[in-house]
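Work through the exercises below with the sequence and the model side by side. Try each task before reading its solution.

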Amino acid sequence: MYDDKFMDRALALSAQALTKPGTEPFGAVVVRDGVVVGEGINHSVAHWDPTSHGETEAIRDACRRLETVDLSGCELYTSCEPCALCVAAMKICGIGKLYYGASLAQSGKAFANVSRTARRPIDIDELRDEAGGTLETRSQPSEQKRDAEAVRILEEWAASRSS
């Protein structure tokens with residue numbers, strides 16, 4: 001159930017970017033049973049990591065703190081609607097509910113005049129299409145190589161963990 005104090009925290013993390021070099025104004029918290037179990041702010045520039053979004057950082061923090069990759073039953077509060085990368089991370093770890101502040105359209109409008117040198121632009125619609133598409137529909141060229149070896153390793157790993 002929504003609780004304003006968790007959105008307050010996500011927004012406070014986002015606001016750190018106003019004074020903290022190498023950050024961008026995207027903050028998030030992961031909540032389980034009414035307790036913050038993970039926090040994150042976008043550190044993409046500071047960490048030289050394009051996946052260091054507020055949501056992914058909060059998920060990483062929660063997983064480390066809880067010593068699990070299963071965040072089923074958790075909620076995520078974030079200052080901005082998550083991009084496709086963050087939505088994928090949320091699905092992978094099982095986050096059940098999302099609460100967000102600004103929409104992607106609102107953030108795009110706010111960033112409309114930010115120079116490319118200050119922030120690498122992201123085409124959200126293209127990202128959604130690419131992330132949700134199959135290899136055949138993606139614009140990025142790809143080729144499959146050495147699949148037999150790769151499959152053998154996958155099967156060997158799976159067999160060692162099967163009951």
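Two exercises follow, one on strands and one on salt bridges.

This is a predicted model, in which local features need pLDDT of at least 70 and side-chain atom pairs count only at pLDDT 80 or more, while totals for chains, interfaces and linings use all residues. Residues are numbered from 1 along each chain as its sequence is written, and side-chain values use heavy atoms, with hydrogens and water left out.

**Exercise 1.** Find the strands that pair with S3 and give the sense of each pairing.

Step 1. Strands are DSSP runs of E with at least two residues, and helices are runs of H or I with at least four, numbered from the N terminus. Two strands pair if DSSP finds at least two bridges between them.

Step 2. S1 (residues 24–32) is antiparallel to S3, with five bridges; Arg 32 stands opposite Cys 74.

Step 3. S4 (residues 97–102) runs parallel to S3, also over five bridges. Here Tyr 77 has Tyr 99 as its bridge partner.

**Exercise 2.** Locate the salt bridge between Arg 9 and Glu 39, and say what it ties together.

Step 1. A salt bridge needs a side-chain nitrogen of Lys or Arg within 4 Å of a carboxyl oxygen of Asp or Glu. For Arg 9 and Glu 39 the N to O distance is 2.7 Å.

Step 2. Arg 9 is in helix H1 (residues 4–15) and Glu 39 in strand S2 (residues 35–42), so the pair links parts 30 residues apart in sequence.

Step 3. Buried means under 20% relative accessible area, exposed over 50%, and partly exposed in between (1.4 Å probe, protein chains only). Arg 9, at 30%, is partly exposed, and Glu 39, at 26%, is partly exposed.
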